[in-house]
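Have the model open while you read, and turn it as we go. We'll start with the overall layout and then work inward.

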Amino acid sequence: WSSRAPIKLVEKVLAASKKHQGEEVVVFSKVLASDINLGYQDIGNIQVLSVNGSRVLNLAHLAHLLRNCDEKFVKLQLEWSKVIYINHEKATQLLPDILEQNSIPAAHSKGLLEKYVPVKSVAAESMSLDGNESDTNSAVNDAVPAAEAVVPVDSKL
């Protein structure tokens, strides 16, 4: 596994430590082809760092951020300084078609959204969006418990 997996993921498994309770690495394994994400189909096996500037702490948190997005576009910051912009309203409308085209029975695993539990504030070391530790401290307003589910990349896109 360690010789075939993305190097940044192997590095996290071997050397990284959690900064927050419930923190986990969230990875796009494959972007499902659709007109809404044209040009992004080759992106895969890459960590999702933030959604519209909010650091992603785990899978349930990612699902919550996408479900509750009120911006016209979703900005997904990925490792390797990659950024994806998706029209949120259009993506939400196309979701049933994307799921059907890819024989995916549901947008997310049952119970995933119920795993999200907001916490008012947790003091912790911040992490820059490239995944490297930073010297500053910050308040994390959406600390969440670990998620145990698999979600298609386009679950909300």
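What follows is a walk through the fold, its core, its strand pairings and a few single residues.

A word on ground rules: this is a predicted model, so local features are used only at pLDDT of at least 70 and side-chain atom pairs only at pLDDT 80 or more, while totals for chains, interfaces and linings use all residues. Residues are numbered from 1 along each chain as its sequence is written, and side-chain values use heavy atoms, leaving out hydrogens and water.

Let's begin with the layout. The chain has 3 helices and 7 strands, and from the N terminus on they run α-β-β-β-α-β-β-α-β-β. Both kinds of element are DSSP runs, numbered from the N terminus: helices are H or I with at least four residues, strands are E with at least two. Of the 157 residues, 40% count as buried. Here, buried means under 20% relative accessible area, exposed means over 50%, and partly exposed is in between, using a 1.4 Å probe and protein chains only. The chain exposes about 9300 Å², with carbon and sulfur atoms supplying 50% of that area; accessible areas come from the Shrake-Rupley method with a 1.4 Å probe, and for residues only the protein chains shown count as cover. Now look at contacts, meaning heavy atoms within 4.5 Å. Among those between residues at least 6 apart in sequence, 61% join residues at least 24 apart.

Next, the inside. The largest nonpolar core has 27 residues, and F28, V51, L62, L76, L78 and I84 have the most contacts inside it. A nonpolar core is a set of buried Ala, Val, Leu, Ile, Met, Phe, Trp, Tyr and Cys residues joined through side-chain atoms within 4.5 Å. β2, α2 (59-67), β4, β5 and α3 (88-101) each supply at least two residues of this core, with the largest share, 6 residues, coming from α2.

V51 is a good residue to click on. It sits in strand β2 (residues 46-51) and is buried, with a relative accessible area of 3%. Leaving aside residues up to four places away in sequence, V51 touches V56, L62, L65, L66, V74, K75 and L76. L76 is also the bridge partner of V51 in β4. The C-alpha atoms of V51 and I84 are separated by 9.7 Å, with the two residues 33 apart along the chain.

How do the strands around V51 pair up? Two strands count as paired if DSSP finds at least two bridges between them. β2 and β4 pair in the antiparallel sense over 3 bridges, and 5 bridges join β4 to β5, which also run antiparallel. Across that second pairing, Q77 stands opposite V83 and K75 stands opposite Y85. β4 and β5 form a hairpin with 4 residues between them, and W80 in the turn has a positive phi of about 65°. S81, in the loop between β4 (73-78) and β5 (83-87), has a positive phi of about 60° although it is not a glycine. S81 is exposed, at 62% relative accessible area.

In a regular strand the side chains alternate between the two faces of the sheet. Along β5 you can see this: I84 and I86 point to one face and are buried, while V83, Y85 and N87 point to the other and are not.

Back toward the N terminus, helix α1 (residues 7-15) has K8, V10 and K12 as its buried residues, and what covers them includes β2. W1, found in the segment before α1, is exposed at 53% relative accessible area. W1, V13 and L14 make a nonpolar surface patch of about 380 Å². Such patches use residues with over 30% relative accessible area and no salt bridge, joining nonpolar side chains (Val, Leu, Ile, Met, Phe, Trp, Tyr) within 5 Å and like charges within 9 Å.

Finally, the charges. A salt bridge is a side-chain nitrogen of Lys or Arg within 4 Å of a carboxyl oxygen of Asp or Glu, and the count comes to 1. The side chains of R55 and E23 meet in a salt bridge at 2.5 Å, N to O. R55 lies in strand β3 (residues 54-55) and E23 in the loop between α1 and β1, so the pair ties together parts that are 32 residues apart in sequence. E23 counts as buried, at 12% relative accessibility.
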